[in-house]
Amino acid sequence: MGGMDLHPNTVALAALVGTWRGHGHGSYPTITDFDYADEWTFSHSGKPFLGFVQRTRIGETPMHTESGYLRSP
């Protein structure tokens with residue numbers, strides 16, 4: 001989990017810290033079906049939230065990225 005302790009408000013989210021990868025399949029009525037790879041990375045900085053970055057690829061081509069923060073009450 002890095003060299004820093006988690007903030008007490010994020011201890012319940014500790015199992016998410018790290019990188020998660022998987023594969024999926026997309027299907028929409030107006031385009032050809034497709035397979036994709038998805039990657040989520042959760043990190044912490046000692047503050048009362050986790051940061052995340054999500055990336056989707058088709059083959060080696062980046063298709064979508066999101067980033068944000070996850071808080072626990």
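Arg21 is exposed, with a relative accessible area of 66%. That value comes from a predicted model, so keep in mind as you read that every number here is computed from predicted coordinates. Arg21 is a good place to start, because the residue sits in strand E1 and its partner Glu39 in strand E2, so the two tie together parts of the chain that are 18 residues apart in sequence.

**A network of charges**

What kind of link joins Glu39 and Arg21? The two form a salt bridge, and their closest N and O atoms are 2.8 Å apart. How many salt bridges does the structure hold? There are 2. Glu39 also forms a salt bridge with Arg55, this time with the closest N and O atoms 3.8 Å apart. This second pair links distant parts of the chain too: Glu39 belongs to strand E2 and Arg55 to strand E3, with their positions 16 residues apart in sequence. Because the salt bridges share partners, Arg21, Glu39 and Arg55 are joined into one network.The table below gathers the accessibility of residues met in this report.

| Residue | Relative accessible area | Class |
|---|---|---|
| Arg21 | 66% | exposed |
| Arg55 | 40% | partly exposed |
| Glu39 | 22% | partly exposed |
| Phe52 | 16% | buried |
| Thr56 | 13% | buried |
| Phe42 | 11% | buried |

**The sheet behind the links**

Now let us look at the strands themselves. Four of them, in the order E1-E2-E3-E4, form an open sheet with antiparallel pairing. Which strands lie at the edges? They are strand E1 (18-26) and strand E4 (61-70), each of which pairs on one side only. From one strand to the next, the twist averages 20°.

You can follow one of these pairings in detail. Strand E1 and strand E2 (residues 34-44) run antiparallel and are joined by 9 bridges. Within this part of the sheet, His23 stands opposite Ala37 in E2.

**A buried threonine**

Try finding Thr56 in the structure: its place is in strand E3 (residues 50-58). Is Thr56 buried or exposed? With a relative accessibility of 13%, Thr56 counts as buried, because buried means under 20%. Which residues is Thr56 in contact with, once neighbours within four places in sequence are left aside? They are Tyr36, Ala37, Asp38, Thr61, Pro62, Met63 and His64. Ala37, one of these contacts, is the residue that His23 stands opposite.

**Aromatic rings**

Rings give us another set of links to explore. A pair of aromatic rings is described by the distance of the centres and the angle of the planes. The structure holds 6 aromatic pairs. One of them is formed by Phe42 and Phe52: this pair is tilted, at 6.2 Å centre to centre and with 45° between the planes. Phe42 lies in strand E2 and Phe52 in strand E3, 10 residues apart, and the pair links distant parts of the chain. Phe42 is buried at 11% relative accessible area, and Phe52 is buried at 16%.

Which residues form one aromatic cluster? They are Tyr28, Phe34 and Tyr36. You have met Tyr36 already, as one of the residues in contact with Thr56.

Notes:
Residues are numbered from 1 along each chain as its sequence is written. This is a predicted model: local features need pLDDT of at least 70, side-chain atom pairs count only at pLDDT 80 or more; totals for chains, interfaces and linings use all residues. Side-chain values use heavy atoms; hydrogens and water are left out. Two strands pair if DSSP finds at least two bridges between them. Helices (H or I, at least four residues) and strands (E, at least two) are DSSP runs, numbered from the N terminus. Axes are lines fitted to C-alpha atoms, for helices over the stretch in contact, and angles run from 0 to 180 degrees between N-to-C directions. Buried means under 20% relative accessible area, exposed over 50%, partly exposed in between (1.4 Å probe, protein chains only). Contact means heavy atoms within 4.5 Å. A salt bridge is a side-chain nitrogen of Lys or Arg within 4 Å of a carboxyl oxygen of Asp or Glu. Rings of Phe, Tyr and Trp (its six-membered ring) pair if their centres lie within 6.5 Å; planes under 30 degrees apart count as stacked, over 60 as edge-to-face and the rest as tilted.
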